[in-house]
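Thanks for asking me to look this over. Here are my notes, as numbered points you can follow with the model open beside you.

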Amino acid sequence: MLEIRDLRKSFGQAEVLRGVDLTVRHGEVSCVIGPSGSGKSTLLRCVNHLEKVDSGRIEIDGELVGYRESGGRLRELPDRAVARQRARIGMVFQNFNLFGHLTVLENLIEAPVGVLGLSKVEAARRARDTLRRVGLDGREGAYPRQLSGGQQQRVAIARALAMEPELLLFDEPTSALDPELVGEVLAVMHDLVRAGQTMVVVTHEIGFAREAADSVVFLDGGEIVESGPPVEVLSNPAHARTREFLQRTL
Ligand code: ADP
Ligand code: MG
């Protein structure tokens, strides 16, 4: 489903991703862990084409993200084609990124109407379905500020789901939450895992990674230091850098 090969990205002199490889199969969950500044957000942003890559390839279902091949060269896709690709990828951010001046329902129907061309009636029906999935039916008329952080993040997840994404990216979805609100968001994420949603989750929740991930990737200094099943990477890491990171995190 997602295939990343030798991805490189610099900001000025700083090489933030130094040849990252990552494969996520249909229905699988990959958890990315690593210290602050290791390039985790940049990696997700490249997949979602929020950042342009310097070199390497990102493919989703065999389709290059942001480029097409022609005569052995890569050419940038026009904006409309990029928008179409991005519509297939959902993203959930640390700080929810809801539209504060819109109600929950309006947040949820905006992209299905504006990007997918659904009617408002159809989009509203879909929005109610996704709100039910995150345990927030009945809150259509609320504004984000009237909701707790955990509820806001669940609305953000519902908003991503309303686009029926093939791939869902999470960037530290529980890091901005009060500790007592983390569980309700993780519970929704566990439901998505059970439903077979393909996901890449950047997280500091080692317990979630242990239970939910098919593979765990430890990123440090823009490089994948090790990756593999959670029992290997989290319980029996091969590298000293991974062990040190886990000791600091736990
Ligand atoms: P993480 O999510 O693992 O904390 P990031 O991907 O956010 O790491 O950042 C990796 C490095 O890239 C950091 O040193 C950060 O300062 C730098 N960086 C990220 N985005 C930008 C940007 N838009 N411009 C310049 N530097 C950036
Ligand atoms: Mg980050």
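1. Let me start with a small puzzle: where is Glu 205 found? In this predicted model, Glu 205 sits in the loop between strand 10 and helix 7 (206–212). Although in a loop, Glu 205 counts as buried, because it has 21 C-beta neighbours inside 10 Å and the cut-off for buried is 20 or more. Leaving aside residues up to four places away in sequence, Glu 205 touches Thr 174 and Leu 186. Arg 84 is another matter: 121 residues separate it from Glu 205 in sequence, and the two C-alpha atoms are 32 Å apart.

2. Now the overall picture. The protein has nine helices and 12 strands. Its radius of gyration is 18 Å, close to the 18 Å that the globule rule gives for 250 residues, so the protein is as compact as a globular protein of that length. The C-alpha trace spans about 50 × 50 × 30 Å along its principal axes. Of the 250 residues, 39% count as buried. Looking at contacts between residues at least 6 apart in sequence, 64% join residues at least 24 apart.

3. On annotation, UniProt places the feature "domain: ABC transporter" at residues 2–246, in an unreviewed entry. In the model, that stretch is 36% helix and 28% strand, and its end C-alpha atoms are 26 Å apart.

4. Next, please look at the six-stranded sheet. Its strands form an open sheet in the order 8-9-10-3-11-12, with mixed pairing. Strand 8 (89–92) and strand 12 (223–228) are at the edges with a single partner strand each, so one side of each has no neighbour in the sheet. On average, neighbouring strands here are turned by 15° against each other, direction ignored. Within this sheet, strand 3 (residues 29–33) and strand 10 (residues 198–202) run parallel and are joined by four bridges; Ser 30 has Val 200 as its bridge partner in strand 10.

5. Strand 8 deserves a closer look. Which way do its residues point? Ile 89 and Met 91 point one way, Gly 90 and Val 92 point the other way, and all are buried. As a reminder, side chains in a regular strand alternate between the two faces of the sheet. Strand 8 pairs with strand 9 in the parallel sense over four bridges, and Val 92 has Phe 170 as its bridge partner in strand 9.

6. Just past that strand, Phe 93 lies in the loop between strand 8 and helix 3. Is Phe 93 buried or partly exposed? With 18 C-beta neighbours inside 10 Å, it counts as partly exposed. The C-alpha atoms of Phe 93 and Phe 170 are separated by 6.2 Å, with their positions 77 residues apart along the chain.

7. Helix 5 (residues 149–161) is worth some time too. It lies across strand 8 and strand 9 (167–171), running at about 175° to strand 8. Helix 5 has 13 residues and reaches 18 Å from its first C-alpha to its last, close to the 18 Å expected at 1.5 Å a residue. Because 12 of its 13 residues are buried, helix 5 is largely enclosed by the rest of the structure. Among the buried residues are Arg 154, Arg 159, Gln 151 and Leu 161. What covers the buried residues of helix 5 includes strand 8, strand 9, helix 3 (104–114), helix 4 (120–133) and helix 6 (179–194).

8. There is also a four-stranded open sheet, in the order 2-1-4-5, with antiparallel pairing. Its edge strands are strand 2 (14–24) and strand 5 (63–64), each pairing on one side only. Strand 1 (residues 2–11) and strand 4 (residues 55–60) pair in the antiparallel sense over five bridges, and the partner of Arg 8 in strand 4 is Ser 55.

9. Last, the hairpin. Strand 6 (residues 67–70) and strand 7 (residues 73–76) run antiparallel and are joined by four bridges, with Tyr 67 opposite Glu 76 in strand 7. Two residues lie between these strands, and Gly 71 in the turn has a positive phi of about 55°.

Methods: Residues numbered from 1 in each chain as written. Chains lettered and ligands numbered in written order. Predicted model: local features only at pLDDT ≥ 70, side-chain atom pairs only at ≥ 80, totals over all residues. Rg over C-alpha atoms; globule rule 2.2 N^0.38 Å. Contact = placed C-beta atoms within 7 Å. Pairing = 2+ DSSP bridges. Axes fitted to C-alpha atoms, helices over the stretch in contact; angles between N-to-C directions. Expected span 1.5 Å × (residues − 1). UniProt positions renumbered as here; feature names shortened; annotations may be inferred.
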